[in-house]
Amino acid sequence: PTFVGSLNRSQAHVRDTLSKHDLLILLGSDQLRMSVYSETEPLPEGMPVIQLGMRDWELAKNFACEMAIKSDVRETLRVLTPLLLDSQSENDREAVAKRLAKISGDNWSVRRSSFMADVESRHPGELMDPAFLMKRIVEACTPETVVVDEGLTSTQSLLKMLPFSDPSGYFGLASGGIGFAMAGAVGIQLAQPDRPTVAVVGDGSAMYSIQSLWTAANLDIPLTYVICNNASYHIIKQRLKAFHGVEDYIGMDFNNPPLDFAGMAKSMGVTAHRIDRADDVAPALAEATRSGKPRLLDVRVSDSFM
C-alpha cells in the first residue's frame with residue numbers, strides 16, 4: 001500500500017521525486033545508479049542517507065552516508081522494526097496513520113488503474129503505441145509468469161502496469177548495457193522450470209544474441225519472446241536528439257533490408273508470427289503463453305518520440 005513506483009535512471013526525475021522527502025533509506029539496493037552523465041545530481045543537496053546491505057562496494061559508493069551498515073537486510077529489519085514501532089509516541093502513530101491514508105489515494109495501484117484506462121482509450125494508429133503493447137503483455141501474464149525486460153524505450157511504461165508478485169518474477173537491466181535478454185531469458189526460465197517466461201526485447205537488443213532462439217528450440221522450453229520492432233536503434237536516436245539536438249541518424253535504421261524476426265525464428269525451430277495490428281496482439285500472446293513451447297512474436301511498434 002505504500003509503494004508508489006520505481007525510480008528511473010534520469011537524474012532530474014530522481015531528484016524531483018526525492019526532493020519531497022527528508023531522508024533516503026537504502027535497503028539492499030545500490031546508490032541511485034544512473035545511466036548517462038547529467039549536470040543534475042539525483043540526490044537533493046543536504047539529504048541524509050542511511051544504507052543497509054551486504055555489498056561492501058555499494059556502501060557509500062556514490063554519496064556519503066549518515067550511517068552505512070553492512071548486514072543482512074532481512075535479519076536486521078526483523079530486529080529493527082519492532083524497536084521502531086515501540087519507540088513511537090501516540091502523536092507519531094497519528095502522524096503515520098495520516099501519511100498512510102494520504103499515500104493510499106495515490107499509490108502505485110491507484111496510478112496503475114488510471115494509467116491503464118488511459119492507454120486503453122488510445123486508438124492504436126497505423127503503428128502501435130508501445131504502451132498499448134505493454135498493457136496487452138501485462139494482461140496476458142499470470143502470477144506465475146516471469147517477465148524479462150530489455151525493451152528499453154518500448155518498455156518505459158511496463159513497470160507502471162506490471163505488478164511484482166514475487167522476487168523472482170521480473171528481471172531487467174541494471175544500467176545502460178544492452179544485449180542480455182535473448183540469452184538471459186533462456187537461463188532464467190531454466191532456473192525456474194515450472195514457470196512460463198515472457199521476454200520483451202527491442203529489435204536492436206535482440207540482434208546481439210539472436211542465436212539464443214536455437215537454444216530455446218533445442219531445449220523446448222516455455223519461453224515467449226516479444227520483439228518490439230520499431231526498425232531502429234531507437235534508444236540511440238532518442239539520446240542523440242535529447243542530448244545533442246541531432247536528428248541525422250546514421251546506421252541506426254533497420255529498413256534496407258528490414259529485419260524479419262519471424263523468419264529468423266522459424267529458421268532456428270521457433271514458431272513465430274509477425275503482428276502489425278493491435279487487435280491481433282492479445283490472441284497471439286494467449287496462444288503463445290499457453291503453448292508451453294518456445295514462441296516469438298515480432299510486433300511492429302511506433303518509432304515516434306514520446
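**Exercise 1.** In this predicted model, determine in which sense β7 and strand β9 pair, and over how many bridges.

*Solution.* Begin with β9, which covers residues 295–300 and pairs with β7 in the parallel sense over 6 bridges. To fix the register, take I227, which stands opposite D298 in β9. Then turn to strand β6 (residues 197–202), which runs parallel to β7 and is joined to it by 6 bridges; here G202 stands opposite C228 in β7.

**Exercise 2.** Work out which residues of β7 lie on one side and which on the other, and whether these faces are covered or open.

*Solution.* The starting point is that in a regular strand the side chains alternate between the two faces of the sheet. Applied to β7 (residues 223–229), the division places L223, Y225, I227 and N229 on one side, and T224, V226 and C228 on the other. Buried means under 20% relative accessible area, and by that cut-off 7 of the 7 residues of the strand are buried, so that both faces of β7 are covered.

**Exercise 3.** Establish how the residues lining the second largest pocket divide by character.

*Solution.* This pocket has a volume of about 170 Å³, and of the 13 residues that line it, C141, T142, L162, P163 and S165 are the closest to its centre. The lining divides into 8 nonpolar residues, 4 polar and 1 charged.

**Exercise 4.** Assess why the protein chain is described as being as compact as a globular protein of its length.

*Solution.* The chain holds 11 helices and 9 strands. Its radius of gyration is 22 Å, close to the 19 Å that the globule rule gives for 306 residues, and therefore the chain is as compact as a globular protein of that length.

Methods. Residues are numbered from 1 along each chain as its sequence is written. This is a predicted model: local features need pLDDT of at least 70, side-chain atom pairs count only at pLDDT 80 or more; totals for chains, interfaces and linings use all residues. Side-chain values use heavy atoms; hydrogens and water are left out. On a 1 Å grid over the protein atoms alone, a cavity is a set of points where a 1.4 Å probe fits but cannot get out, and a pocket is an open set with protein on both sides within 12 Å along at least five of seven lines; lining residues have an atom within 4 Å of a point. Grid points are joined across faces, edges and corners, and a volume is the space filled by probe spheres set on the points. Ala, Val, Leu, Ile, Met, Phe, Trp, Tyr, Cys and Pro count as nonpolar, Asp, Glu, Lys and Arg as charged, and the others, Gly among them, as polar. Buried means under 20% relative accessible area, exposed over 50%, partly exposed in between (1.4 Å probe, protein chains only). Helices (H or I, at least four residues) and strands (E, at least two) are DSSP runs, numbered from the N terminus. Two strands pair if DSSP finds at least two bridges between them. The radius of gyration is taken over C-alpha atoms; the globule rule is 2.2 Å times the number of residues to the power 0.38.
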